[in-house]
Structures are given as structure tokens and as C-alpha cells.
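Student: I would like a close look at a single part of this structure, with its cross-links and packing worked through in order. Where would you begin, and what does the account lead to?

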Amino acid sequence: MRVFLGLLLLLALTTPSSANYCLCKDGIGEKELQTAIDYACGSLADCNPIHDNGPCYQPNNIKSHCDWAVNSYFQKAAQVSGSCDFSGTASISQSPPSNLVSGCIYPSSASTTSPTGTTLTNGTTPAFGPTGTGGFPGNGASSLVTSPVLTLCFSSLVFLWGSDVRLGFSQV
């Protein structure tokens, strides 16, 4: 029994996390999509791949370019909670866009390079998407932290219970 519980704990600690992408929602107007592109590309995002002749320029439509821009921003912001909101224009997805062309590779994990971007007119460099919630409600990011923590806590308690360690309870 102890071996089984130990293996369960080891599995919980070594389960790889899934990929996360930030994509623009379907059904959003072109004006809102362009606002998200402008914000992302004007701050953290690397938008060179969606410029003319870039590897992600095709398909040449505003939704595809928005997907690239907000995802680049999200990855450079280290997938911080609230960094994939863009005033409700974008959301987190487990899958990359379905319309990718050969040679266009979407990053799915936080960037290891330091973010570079322009300074805004007020002299600051933005840390989150425009009017991002900055918190957990509604953006799906809470599961990125909560799930491994709960799994670890639960596995630890099961392991301790199975190894006859007493947690301060006396036997009657």
C-alpha cells in the first residue's frame, strides 16, 4: 500500500503541464480585435512574424493576426493571471489556432527571454492586457496554480495516512 501511495505522489509531482495559448475569441468585431493587436504589439508582443512576408502573416486576416499578437503578449508576460483578457477579446485555450500555416510556430509556454516593448505615453510599460482582470475570476488561469497545489496536498495527506503517521489523534 505504501509503495502505491508513494508512486501516486510521484506521479502527481511529475505530471507535465499542458500547453496554454491566448487566442482572440470568435465573433469579436474588427475594431476590438485591432485594439488588442495594437496594445499587444505596442508593448510586450513580438509581432514581426505577422508582418508582410513573416512566417505567420498568412492567413492574412485580422483574427489570425490578433491570435498571434495576444498569444505572444501572454507568453512574454509569463502567462500571468489577467494577461489574456484584452477587455474580453481573448481567452486561454489548450490548443493552438486551427488555421496555422507551415512554418508558423505558436509558443505555448512562457517566454524565457526578457520582454522588450515600447514605453507608453504615460512613461510606463504595461504588465497586463488592457483592463485585464488581474485576478482569477473568469479567465481560467486559477486552474494553472490550484490544480497542482491541491493534488500535492491531497497526495501528501493520503501518503501520511497510509504510512501510519499519526496526525495528533489519539486512539481510543
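Tutor: I would begin with the cysteines: when the bonded cysteines of the protein are numbered in sequence order, they pair as 1-7, 2-6, 3-4 and 5-8. The model is a predicted one, and a search of the whole of it finds four disulfides, of which I shall follow three before turning to helix 3 and what surrounds it. As a setting, the protein has four helices and two strands, which run α-β-α-α-β-α from the N terminus on, and 32% of its 172 residues are buried.

One of the disulfides is formed by C22 and C84, whose sulfur atoms lie 2.0 Å apart, and with 90° about the S-S bond this link is right-handed. Since C22 belongs to strand 1 (residues 21-24) and C84 to the loop between helix 3 and strand 2, the bond ties together parts that are 62 residues apart in sequence. C22 and C84 are both buried.

Another disulfide joins C24 to C66, with 1.9 Å from S to S; here the torsion about the S-S bond is about -65°, so the link is left-handed. This pair connects distant parts of the chain, with C24 in strand 1 and C66 in helix 3, 42 residues apart, and both of these cysteines are buried. Strand 1 therefore holds C22, whose partner C84 lies in the loop between helix 3 and strand 2, while C24 of strand 1 has its partner C66 within helix 3.

The disulfide between C56 and C104 has its sulfur atoms 2.0 Å apart, and with 105° about the S-S bond it is right-handed. C56 sits in the loop between helix 2 and helix 3, and C104 in the loop between strand 2 and helix 4, so this pair ties together parts that are 48 residues apart in sequence. C56 and C104 are each buried.

That brings us to helix 3, which has 15 residues and spans 21 Å from its first C-alpha to its last, close to the 21 Å expected at 1.5 Å a residue. At its N-terminal end it is capped by N61, a side-chain oxygen of which lies 3.2 Å from the backbone nitrogen of K63, and after the helix comes A78, whose phi is positive, near 60°. Of the 15 residues of helix 3, 13 are buried, so the helix is largely enclosed by the rest of the structure.

The packing around helix 3 can be followed through the nonpolar core. The largest such core has 25 residues, and those with the most contacts inside it are C22, C66, V70, Y73 and F86. Strand 1, helix 2 and helix 3 are the elements that give two or more residues to this core, and helix 3 supplies its largest share, six residues. With neighbours within four places in sequence left aside, V70 is in contact with C22, L23, C24, A36, A40, F86 and A90, a list that includes C22, a partner in the disulfide with C84, and C24, a partner in the disulfide with C66.

Aromatic residues add to this picture, for a search of the whole structure finds four aromatic pairs. In one of them Y39 and F86 meet edge-to-face, 6.3 Å centre to centre and with 75° between the planes. Y39 lies in helix 2 (residues 30-41) and F86 in the loop between helix 3 (62-76) and strand 2 (90-93), so the pair ties together parts that are 47 residues apart in sequence. F86 is buried, with a relative accessible area of 2%. In another pair, the ring centres of W68 and Y106 are 5.0 Å apart and their planes stand at 85°, so this pair is edge-to-face. W68 lies in helix 3 and Y106 in the loop between strand 2 and helix 4 (142-162), so the pair ties together parts that are 38 residues apart in sequence. W68 counts as buried at 7% relative accessibility, and Y106 at 9%. Y39, Y73 and F86 form one aromatic cluster, and Y73 and F86 are also among the residues with the most contacts inside the largest nonpolar core.

These long links can be set beside a total for the protein: among contacts between residues at least 6 apart in sequence, 81% join residues at least 24 apart.

Technical notes: Residues numbered from 1 in each chain as written. Predicted model: local features only at pLDDT ≥ 70, side-chain atom pairs only at ≥ 80, totals over all residues. Heavy atoms only, no water. Phe/Tyr/Trp six-rings, centres within 6.5 Å; stacked < 30°, edge-to-face > 60°. Buried < 20%, exposed > 50% of the residue type's maximum accessible area, 1.4 Å probe, protein only. Disulfide = S-S within 2.5 Å. Expected span 1.5 Å × (residues − 1). Polar contact = N/O pair within 3.5 Å; in protein donor to acceptor, adjacent residues only side chain to side chain. Core = buried A, V, L, I, M, F, W, Y, C linked by side-chain atoms within 4.5 Å. Contact = heavy atoms within 4.5 Å.
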